[in-house]
Amino acid sequence: MGKIVLVTGAARPLSARFVRRLQRDPGVDRVVAVDMAPPVEDLGAAEFVVADIRRPGIGAVLAEHGVDTVVHTDIHGAPPGAGGTGGVGGGRAVAKETNVIGTMQLLGACQRSLAVRRLVVRSSTSVYGSAPRDPAVFDVTTPPKALPSGGFAKDVAEVEGYVRGFARRRPDVSVTVLRFAQVLGPTGESPLAAYFALPVLPTVLGYDPRLQFVHEDDVLSALGRAVGMAGSDQPPAGTFNVAGAGVMLLSQCARRLGRPTLPLLLPAIRWGRSALRAVGATDFSPEQIRMLTHGRVVRTDHTRDVLGFTPAHTTEGTLTAFARGRAEGLLPPRTVARTVDRVAELLPRSGQGRTVEEAGRRG
């Protein structure tokens, strides 16, 4: 018999894509999609169950369907309904409850279920935080210099703590945690995608942070590898960083997107958070400000060597693909390039003219 896989957070477009991908795998017998909101995309032949993972009833879902593999993707900075994902809405409080309380209830249900043999958790490199004394590159074993004090980053840190506790209590369950870098792609679910969609990008004066991205397609592939889809070796348990190769500066990203930047003093950005949210920066939180100040880069050698996964898209390629599906900014790169070329063509002639004129005066 093939796997019976339960996927949380199926109301999200990216999770719905993963549900459809699982159904194409011959090693998967059935897929059970769970969320407290109706999905915004088609789930194919998967069985959709309206369930709130914050409630003990999630245990009954596991038992009823005989689930042996759980993929927990319902960990986000905003609840369904924010950013155009459809669903319940509710703001930051609902997001935190779903992330932390929902994970606790789900892990409790998995602990009681003797059928569950594999758990895959979608996490984030936000767990490392962003601080001025951070190392140049984070490894999976590198502790953050400063623990996240709030927001999504703190949620992720708490979630991973509960997952480690579950792994100790159920050593017979293979547990894989995937820490994804900033996700970009056609669905535009991430807070960074909302930031890059602004007509003008507010930046912190004097800082040009290093950033890494991971393409949505690579998120799906990494989750599939962690599940152990047919045709691949059984993946090892552990924690893995997933990010596209290479690093980009925020200034480079702005130029590629054609977005002018507005350098501001850090206090001005903090004071203007409400105004920025009003114009579309829906999750311009303190942790996002820190990331746009100090940046964050992670090492992925462990993921390649142990998990056997390498993203197909680089960081630069991910941003290029993201820009391709968005409207051009106020400073389209092609227009800027043509302008620069024209100026470059004029400069030599101006220089020659001055040389001839000076030669005439000297003669």
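Select helix α2 (residues 58-65) and helix α3 (residues 91-112): their axes, lines fitted to C-alpha atoms over the stretch in contact, come within 8 Å and cross at roughly 40°, an angle taken between N-to-C directions on a scale from 0 to 180 degrees. Helices here are DSSP runs of H or I with at least four residues, numbered from the N terminus. This is a predicted model, in which local features need pLDDT of at least 70 and side-chain atom pairs count only at pLDDT 80 or more, while totals for chains, interfaces and linings use all residues. Residues are numbered from 1 along each chain as its sequence is written, and side-chain values use heavy atoms, without hydrogens and water.

Now show the side chains at the crossing. Ile-58, Gly-59 and Leu-62 of α2 meet Gln-105, Leu-106, Ala-109 and Cys-110 of α3; contact means heavy atoms within 4.5 Å.

Next, select Val-70. Outside its neighbours within four places in sequence, Val-70 contacts Leu-6, Leu-62, Leu-106, Cys-110, Val-116, Arg-118, Leu-119 and Val-120.

Val-70 also belongs to the largest nonpolar core, of 65 residues, where Leu-22, Val-34, Val-70, Leu-178 and Phe-180 touch the most other members. Such a core is a set of buried Ala, Val, Leu, Ile, Met, Phe, Trp, Tyr and Cys residues joined through side-chain atoms within 4.5 Å. Helix α6 supplies the largest share of this core, six residues.

Move to α6 (residues 216-227). Of its 12 residues, 10 are buried, that is, under 20% relative accessible area with a 1.4 Å probe, protein chains only. Among them are Val-219, Leu-220 and Leu-223. Finish on Gly-228, just after α6, which has a positive phi of about 85°.

Definitions and conventions. Helices (H or I, at least four residues) and strands (E, at least two) are DSSP runs, numbered from the N terminus. The expected span of a helix is 1.5 Å times one less than its number of residues. Buried means under 20% relative accessible area, exposed over 50%, partly exposed in between (1.4 Å probe, protein chains only).
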